[in-house]
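Trainee: Could we go through some helix packing together? I'd like to see how each label follows from a value.

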Amino acid sequence: MSGRTPVPQGVTMGGHELDVIDRLLHLTPGDARWQLRRERPEFVEGANACRDSVLTPQDDQGISPALRQALALRMARLIGNAAQIENYQAGLADEYAPLAAGEGVAPEGSLLAAVVAHCDNVTLAPAQAQEADIRRLEQAGLNAGQIVALAELIAFVNFESRVVTGLQALENWHE
């Protein structure tokens, strides 16, 4: 989608490992934005730890990593972040492709329909989120741990989008 060849996962350059945000933006150690990010190593490490904990947690709370990735892709599409879309598209489970594409999600009133509606609503209009939204998730069958896990996923994908967008805006930045 970006027209560039994605940098494969787990690649190091000059002894430095490229993280997902680097790969989304095709940053290398010679790039000023890569160096700028490393001025805050706790931020780089924190973003990676957050990604791992929301997309592939040790305890998935009954929300599988495959579903989490599909929800992340769906949110990236709603946001319109091409780099994120490309990243989350890779490895998407076939069973969740329609959900990620916004097609035939689930029967109305089902748990999955409630989860998808919540992700969409918070991503598109976060200021409109209310306590009643949480009650709808409970009524659909989500427990407190699942609601927190979903909130963390939504927060991370939207945070990541803003970081990527901000770094893209600095593309022509020079010291």
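What follows is a short chat about how helices pack in this predicted model.

Trainee: What makes H3 oblique to H9?

Mentor: Start with the angle: the axes of H3 (residues 41–55) and H9 (residues 144–169) come within 10 Å and cross at roughly 140°. Over 145 would count as roughly antiparallel, and 65 to 115 as roughly perpendicular. The H3–H9 angle fits neither, so H3 is oblique to H9. As for handedness, the crossing of H3 and H9 is left-handed.

Trainee: Which residues of H3 and H9 meet?

Mentor: From H3 you have Phe43, Ala47, Cys50, Arg51, Val54 and Leu55, and they meet Glu152, Leu153, Phe156, Phe159, Glu160 and Val163 in H9. Sorted by class, the contact of H3 with H9 has nine nonpolar, three charged and no polar residues.

Trainee: And why are H4 and H5 called roughly antiparallel?

Mentor: H4 (residues 65–79) and H5 (residues 82–89) pack at about 160°, with axes 8 Å apart. The cut-off for roughly antiparallel is over 145, and therefore H4 and H5 earn that name. Their contact uses Gln69, Ala72, Leu73, Ala76, Arg77 and Ile79 of H4, plus Gln84, Ile85, Tyr88 and Gln89 of H5. That splits into six nonpolar, three polar and one charged for H4 with H5. The crossing of H4 and H5 is left-handed.

Trainee: H4 also packs on H9. What makes that pair oblique?

Mentor: Here the angle is about 40°, with the axes of H4 and H9 10 Å apart. Roughly parallel needs an angle under 35 degrees, so H4 is oblique to H9. The crossing of H4 and H9 is right-handed. On the H4 side, the contact includes Leu71, Met75 and Ile79, and on the H9 side, Leu150, Ile154 and Val157 are among the residues. By class, the contact of H4 with H9 has ten nonpolar, two polar and one charged residues.

Trainee: How do you know that the length of H9 agrees with its residue count?

Mentor: Take 1.5 Å a residue: the 26 residues of H9 should span 38 Å, and the end C-alpha atoms are 38 Å apart, so the two agree.

Trainee: What does Asn143 reach at the start of H9?

Mentor: A side-chain oxygen of Asn143 comes to within 3.0 Å of the backbone nitrogen of Gly145. The cut-off for a polar contact is 3.5 Å.

Terms used. Residues numbered from 1 in each chain as written. Predicted model: local features only at pLDDT ≥ 70, side-chain atom pairs only at ≥ 80, totals over all residues. Heavy atoms only, no water. Axes fitted to C-alpha atoms, helices over the stretch in contact; angles between N-to-C directions. Helix = DSSP H or I, 4+ residues; strand = E, 2+ residues; numbered from the N terminus. Left-handed = near helix turned anticlockwise from the far one by under 90°. Contact = heavy atoms within 4.5 Å. Nonpolar A, V, L, I, M, F, W, Y, C, P; charged D, E, K, R; others polar. Expected span 1.5 Å × (residues − 1). Polar contact = N/O pair within 3.5 Å; in protein donor to acceptor, adjacent residues only side chain to side chain.
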